[in-house]
Amino acid sequence: MKPATIRLWSAIHKWTSLIPTLFLLMLCITGLPLIFHDEIDDALNPDEWQAANPGGPLLDLDTILDRALANRPGEVPLYMSFDIDRPVINVTTGPTPDAPGTQMHFASFDATSGDLVPPKSGGAFMEVILQLHTDMFLGLPGMLFLGAMGALMIVAIISGVVLYTPFMRKLGFGTVRASRKPRIKWLDYHNLLGIVTVAWLTVVGLTGVINTLEAPIIDTWKYNELADLTAGYEEGTVPTPAEMASLDAAVRDAQDAAPGMQLQFVAFPGGDFSTSQHFAVFFHGDTPLTEQIITPALIDARTGALAGIRPMPWYAKALSLSRPLHFGDYGGLPLKILWFVLDVMTIIVLGSGIYLWLTRRKSVPAEVKELREIEGKTA
Amino acid sequence: MRKRLSLRAIFAIPLFIAVTSLIGLVTALVGNDLWDALSWLTLGLPVAITIWALMKRRV
C-alpha cells in the first residue's frame, strides 16, 4: 500500500472514529445493562402475581374491555395488549381517543377472572438507561443524531479493516507485543480486538442505525401501505364504546384471516395506530424468525366487518428484524453473555483508539515503516 | 528479514471469524435449541480466539 493511500485511509479512520467516539462509548456502556434488561427487571421487581384460576378458561375480550371501562368511568379505550408469559390483558384508556401519553391510564387484568392485576413497580433506573441509549432524552433529533454516529462508525470499521493490512504485513495473526512500549502493545490490542469483532459490530451498528429510523419507517408504512385500506374513512366521527361492535368477534374474524399468527396488540379507533373508525389488530408470527414480523388487520369498529389485512412492507420487516439483531435477546442467556463480552471488547477498541490518537507522534505511513523495520530486524 | 505476508495470509483467520459470526447471528433467529446452541459456538469463536491470542501469542 502506497504511503499516500495509507495516509488517506488513516485520515478517514481518524475522523470517522474521533467524531462519534464519546457517543459510541456512551452507547456501549449503557448497552451493557440493557442486554440483561429482562433479567434485571425481574430481579428488581419479582413478579409474585398468580392468576385466579391458573389454567382455567379465559374471559372474552369484550368482558375484559367492559371491566376496564367500568374501572375508569367516562374514559374511552385506546390500546389493548397481551402479556406473553402470563394470562394478563392490559388495557390503556384515556379521556379522549387522541389523548396524549400523560393522560393515558394503563391497567392490567387477569384474563381468567377479570380482576385487576397490581402494576409491576419500579423499572425506573432501566428506563433512564434505555432513554439515554435511544435518544439521550432529546426525542427524534437525538435518535437520528445517534443514528448518524452509528453510520460514521460503519465507515470507521471499513477504514479500520483497510488499515489492518499495512500494520499486519509482517506480523502473524493475533500477535500481541506485550513486552514492547505501551503504544505498540495497545496498537496490537486495538488491531486484534477490532478485527475479530468486525462482523458482530457491523451487524449491531447497522441494525442500531436502522432502529434510529423507526419513526420515519413507521410513518412511511402508515401513510403509504395502509392508506388504501383506510381510504374513505379519513373523515367521520370516532365511535363511542357503546357504538362499537364486538371486539372479540372482530379479533376472531381477523385471526381466521391470518392463520398461524398470534394476537399481539389492538389499537382502538381515533388513536395513532388506527383510523378514526377501525380497530387495528396486530398479529405476530409464532416462530423465532416471524415473531418479530407484525401483520395488521383493520376492522370496521361499527359493523365489525374485516376491512383488510396487510403484510408488512420490506422496510418495516427490516426494522423488525433489526431489533433482535441489535439487542442480542433472541438466543437465550449464553447469547446475551457473548453480547456482553463482545460489547466489552468494543469498549476496549474504542478506548485504545483514543489512546493511540492521544499518543500519536508521527504520520501513520511513517509509523508503519518504522514498525516494519523493527519486525524485520527482530524476526 | 521477515517475509511480507500476502493479503490472503493476513485475512484468512479474520475472514473465517467474520463469516462464522454472521452465520451465528442468523441461526439464532431461525430457530431455538440447536439453532441457538450453534449461535453460541459461532459467536463464541471471536472471544475464544482473543483469549487464545492474549495467552499464546504474547511476544
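This report describes a pocket, a helix contact and a strand hairpin in a predicted model.

## Basis

Local features need pLDDT of at least 70 and side-chain atom pairs count only at pLDDT 80 or more, while totals for chains, interfaces and linings use all residues. Residues are numbered from 1 along each chain as its sequence is written, chains are lettered from A in the order in which they are written, and side-chain values use heavy atoms, without hydrogens and water.

## The second largest pocket

The second largest pocket (an open set of points on a 1 Å grid over the protein atoms alone, where a 1.4 Å probe fits, with protein on both sides within 12 Å along at least five of seven lines) holds about 960 Å³ of space, a volume being the space filled by probe spheres set on the points. Its lining, meaning residues with an atom within 4 Å of a point, comprises 42 residues, and His13(A), Lys14(A), Ser17(A), Leu163(A) and His190(A) lie nearest the centre. Among the helices (DSSP runs of H or I, at least four residues), H1(A) gives the most to this lining, with 9 residues.

## Packing of H2(A) and H3(A)

Helices H2(A) and H3(A), the latter spanning residues 37-44, pack at an angle of about 60° with their axes 5 Å apart. The two are therefore oblique to each other, a class that takes the angles left after under 35 degrees (roughly parallel), over 145 (roughly antiparallel) and 65 to 115 (roughly perpendicular). Contact (heavy atoms within 4.5 Å) is made by Pro33(A), Leu34(A) and Ile35(A) of H2(A) with His37(A), Glu39(A) and Ile40(A) of H3(A).

## The hairpin of E7(A) and E8(A)

Strands E7(A) and E8(A) (E runs of at least two residues) pair in the antiparallel sense over 3 bridges, where pairing requires at least two DSSP bridges. Ala297(A) stands opposite Ile309(A) of E8(A), and Gly304(A) takes a positive phi near 80° in this hairpin, which has 5 residues between the strands.

Terms used. Axes are lines fitted to C-alpha atoms, for helices over the stretch in contact, and angles run from 0 to 180 degrees between N-to-C directions.
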